[in-house]
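Here is a walk through one protein model, written for someone new to reading structures. Have a look at it first, and then we'll go through it piece by piece.

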Amino acid sequence: LFFPAALETIVEVRTLVRVAPHEVAIVRDNAGAYSFHSGNGTGGGRGTAFFLPPHCELVTMHWSSGTSAEDAEKNVVRNAKAVKYKVPVTKVDLRSQYAFFEYKVRTSDNVELLLEGTIFWQVVDVPKMIGRTGDPKGDVWFQTQSAFIEVMSKVSLTDFMANYDDTVTQAEN
């Protein structure tokens, strides 16, 4: 603890930013340059902590979610299969993530199907991610939807039923 002396005054109190071993915090300075603070760096895998430098801010992104911010705060999980909300994210989680989906698609013979499943994804390169998107979860969800619509529009229902695994593999690529 710090106790000021008789003639000292506290000008500013800064909070300590803690970063878990599986997280990365992104800091933007007043010139717009980014710096990245990884929790698995020099802390021996136990995480890290730092104070924000002057004129810097912790970057807050708004990621797509099927769960509202209020539900997320209360740790309520709703298995929503569509993007409905945007939740604030200040630290990027590097662990594997998942998102449920439910897409309506049409086959080449105009049969409407309802596809349900789970998308597994992971952020690997945070500097590349921040340069390309502010909502990776939404991008993954909508890219997957687009890929399924494209692949299913080229396949008939009988081909899809006979070669389900091959069709899904085409959509993954």
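## Salt bridges

Asp93 counts as buried because its relative accessibility is 17%; buried means under 20% relative accessible area, exposed means over 50%, and partly exposed is in between (1.4 Å probe, protein chains only). Asp93 pairs up with Arg95 in a salt bridge, with 2.9 Å between the closest N and O atoms. That term stands for a side-chain nitrogen of Lys or Arg within 4 Å of a carboxyl oxygen of Asp or Glu. Arg95 is partly exposed, at 45%. By the salt-bridge rule, the count is six.

Another of these pairs is Arg28 with Glu57, at 2.7 Å from N to O. This one ties together distant parts of the chain, with Arg28 in strand S2 and Glu57 in strand S5, 29 residues apart. Strands (E, at least two residues) and helices (H or I, at least four) are DSSP runs, numbered from the N terminus. Both partners are partly exposed, Arg28 at 26% and Glu57 at 38%. Then there's Lys154 with Glu150, at 3.5 Å between the closest N and O atoms. Lys154 is exposed at 61%, while Glu150 is partly exposed at 44%.

## Where the numbers come from

This is a predicted model, numbered from 1 along each chain as its sequence is written. Local features need pLDDT of at least 70 and side-chain atom pairs count only at pLDDT 80 or more, while totals for chains, interfaces and linings use all residues; side-chain values use heavy atoms, leaving out hydrogens and water.

## The nonpolar cores

In soluble globular proteins, nonpolar side chains tend to be buried together. A nonpolar core here is a set of buried Ala, Val, Leu, Ile, Met, Phe, Trp, Tyr and Cys residues joined through side-chain atoms within 4.5 Å. Which residues touch the most other members of the largest core? They are Met61, Val92 and Phe148, out of 28 residues. Strands S2, S6, S9 and S10 and helices H2, H3 and H5 each give two or more residues to this core. A second, separate core has five residues, including Val17, Val19, Val27 and Phe50.

Met61 has plenty of company: leaving aside neighbours within four places in sequence, its contacts (heavy atoms within 4.5 Å) include Ile26, Val87, Val92, Met129 and Gly134.

## Helix H3

H3 has 17 residues, and its end C-alpha atoms are 24 Å apart, which agrees with the 24 Å expected at 1.5 Å a residue. That expected span is 1.5 Å times one less than the number of residues.

Among the buried residues of H3 are Trp141, Thr144, Phe148 and Val151. What covers the buried residues of this helix includes S6, S9, S10, H2, H4 and H5.

## A strand glycine and two loop residues

Gly117 sits in strand S10 and is partly exposed at 22%. Its C-alpha atom is 5.8 Å from that of Phe100, although the two are 17 residues apart along the chain. Not counting residues up to four places away in sequence, Gly117 touches Ala99, Phe100 and Phe101.

Two residues that aren't glycine have a positive phi: His55, at about 60°, and Asn110, at about 65°. His55 lies in the loop between S4 and S5, and Asn110 in the loop between S9 and S10. His55 counts as exposed at 66%, and Asn110 counts as exposed at 55%.
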